[in-house]
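Pull up the model and let's take a walk through it. We'll begin at a single side chain and work outwards.

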Amino acid sequence: MSAAHSLLIVDDCPEDREVYREYLSRDPHNTYEFCEAALAEVALELFLEKQFDVVLLDFYMPDMTGLEFLGQLQKHQRRDQSPIIMLTGQGNEELAVQAMKHGVQDYLGKQHLQPEMLQRTVRSVIQQSHLHTALHKTREQQRLTATTALRIRQSLDLEQVLDTTVAEVQQLLECDYVAVYQCVYDELQQDFDIKAELGTRCTKMRSNLAKISANIAGGDTGYDWHYASEHLELIAPIVINSPPSSSQSSIHSSKGHTWGYLVVHHCSQVSSQETAWQSEEQNLLNELAVQLAIAIQQSELLSQTQIALKKAQELNHFKSQILATVSHEYRSPLSVILGASSTLERHGKRLDSSQQVRFISMIQDKARHMTRLVDNMLLMHQCELDQARFEPAPMNILQFVADLVEEHRETTTEHELIFQTTGKTTNFWGDQGVLRLIIDNLLSNAIKFSPDGGRIEIHLIG
């Protein structure tokens, strides 16, 4: 059985009040709780203190008329709080029009009043009032949602977005605590990281949140807001539509993944009746969670774009360094190659075979050196793009390092390079390209930053 509707009867005639009570008590559809007032001043006090589902107002009262009563309500800005049905013993259409203009929902004449007429009129006015209230709430919720969503999405900085969210939600829902939890996944379980919070945190919140998350992980994608009547909290999942990484939990679907939760809580020690959440508030929180998800996604996209831009800038800088290095490193071997080839071209006939072999060997060595420079640059470029592959193979590490030291020894006259080995160097596996890049870089830096005439020692320890 539905709860009784509250009804205020304002009439100075006890017999008329009794008739209204009798007629409405027979209503097969509604039940009523009656409150009565014989004076308009008394009714005005009751009207301002309590919200009634409907008011029956006699037009002619000893202390003021019905229109004067409506004027008093208008002064207190409470005219729309409870719907009013005007009753009068005189059928006056002009009076009815004036009453309707002052905010009366309906007008009835006492002389022809019948039970069914009164019942039907009261039911209709209550229904219209409830529809009007629901419509007003819907419009207000839409307005608040739009305003809050706009404030949430005004920034692309994630920290600022989350701080704005908790502040706006706490003000909107008038709750003690608001938090944004982000899901943290590992191989064993799901945990939560508090990204933003405002208010006093309740000790029971974390366990309640874990239980709800476990239900969602088990396939229960809904949330029963009636749960909040006991625990005084509401939780809305923040679902991001971008695809999850392969390391994230199976709770994610192909259409989106749960980034985290928007949580509001009443932590005050008051009765649950005073703090119980309504379904409209859960719907509002769900809508704000959607807007927050959009803001988070926009922030993440901006962050990814900034990272990509920074990487592109670093890559351009790296390319500039490659050009500078190539132009510098190629100058010396190219000079040797050009000089040796020019000598062979001009004086080849006058050179003996050993001299010709020496010049050809110089050209070949410098050409191989330039080839290695190119290979090193390509390998460094692949490393910058995270595309380098490690391909180890058996190699003679002793001979490999000795050859590299000898190459650098030939290119420097200001430094003494000493190569020493200790321990076993056989059965070695490595990637010659990567090792060449590393050792070349070490030797080049040692030569570059050591004082002229310095001694550079290279130790190979097995």
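**From one valine to the whole fold**

Start with Val-125, which you'll find in helix α5, residues 115-152. Keep in mind that this is a predicted model. Is Val-125 buried or exposed? It counts as buried, because its relative accessibility is 3% and the cut-off for buried is under 20%. So who is around it? Setting aside neighbours within four places in sequence, Val-125 is in contact with Val-54, Pro-83, Ile-85, Gln-105 and Asp-106. You can also look across to Val-55: the C-alpha atoms of Val-125 and Val-55 are separated by 9.8 Å, although their positions lie 70 residues apart along the chain.

Next, swing over to helix α2. Here Ala-40, Ala-43, Leu-44 and Phe-47 are buried. Look down the axis of α2 and its buried residues fall within an arc of 105 degrees, so they line one face of the helix. That fits the usual geometry: an α-helix has 3.6 residues a turn, so residues three or four places apart point the same way. The face of α2 turned away from the buried side carries Glu-45 and Glu-49, both exposed. And what covers the buried residues? The cover includes strands β1 (5-10), β2 (32-37), β3 (54-58) and β4 (84-88), along with helix α3.

Now for the rings. How many aromatic pairs are there? The count comes to three. In one of them, the rings of Phe-47 and Phe-69 have their centres 6.3 Å apart and their planes at 90 degrees, so this pair is edge-to-face. Phe-47 belongs to helix α2 (residues 40-49) and Phe-69 to helix α3 (residues 66-75), so to speak a link between distant parts of the chain, 22 residues apart. Both Phe-47 and Phe-69 are buried. Phe-59 and Tyr-60 make another edge-to-face pair, because their planes are at 85 degrees, with ring centres 4.7 Å apart. Within this pair, Phe-59 counts as buried at 5% relative accessibility, whereas Tyr-60 is partly exposed, with a relative accessible area of 41%. If you like charge over a ring, check Arg-358: its charged end sits over the ring of Phe-359, 4.9 Å from the ring centre.

Zoom out to the cores. As a rule, nonpolar side chains in soluble globular proteins tend to be buried together. In this model the largest nonpolar core has 26 residues, and those with the most contacts inside it are Ile-238, Leu-262 and Val-264. The elements giving two or more residues to this core are α6 (158-173), β6 (177-185), β8 (233-240), β9 (257-265) and α10 (279-347). The largest share, eight residues, comes from α10. Take Ile-238 as a vantage point: beyond its neighbours within four places in sequence, its contacts include Val-180, Trp-259, Leu-262, Ala-289, Leu-292 and Ile-296. Apart from this core lies another, of 24 residues, and among them are Val-10, Val-55, Phe-59 and Phe-69.

Finally, the overall view. The protein has 13 helices and 13 strands, and buried residues make up 35% of its 462 residues. Among contacts between residues at least 6 apart in sequence, 68% join residues at least 24 apart. The accessible surface comes to about 27,600 Å², with 50% of it belonging to carbon and sulfur atoms.

Definitions and conventions
Residues numbered from 1 in each chain as written. Predicted model: local features only at pLDDT ≥ 70, side-chain atom pairs only at ≥ 80, totals over all residues. Heavy atoms only, no water. Helix = DSSP H or I, 4+ residues; strand = E, 2+ residues; numbered from the N terminus. Buried < 20%, exposed > 50% of the residue type's maximum accessible area, 1.4 Å probe, protein only. Contact = heavy atoms within 4.5 Å. Phe/Tyr/Trp six-rings, centres within 6.5 Å; stacked < 30°, edge-to-face > 60°. Lys NZ or Arg CZ within 6 Å of the ring centre and 35° of its normal. Arc of directions from axis to C-beta. Core = buried A, V, L, I, M, F, W, Y, C linked by side-chain atoms within 4.5 Å. Areas by Shrake-Rupley, 256 points an atom, 1.4 Å probe, with all protein chains shown as cover.
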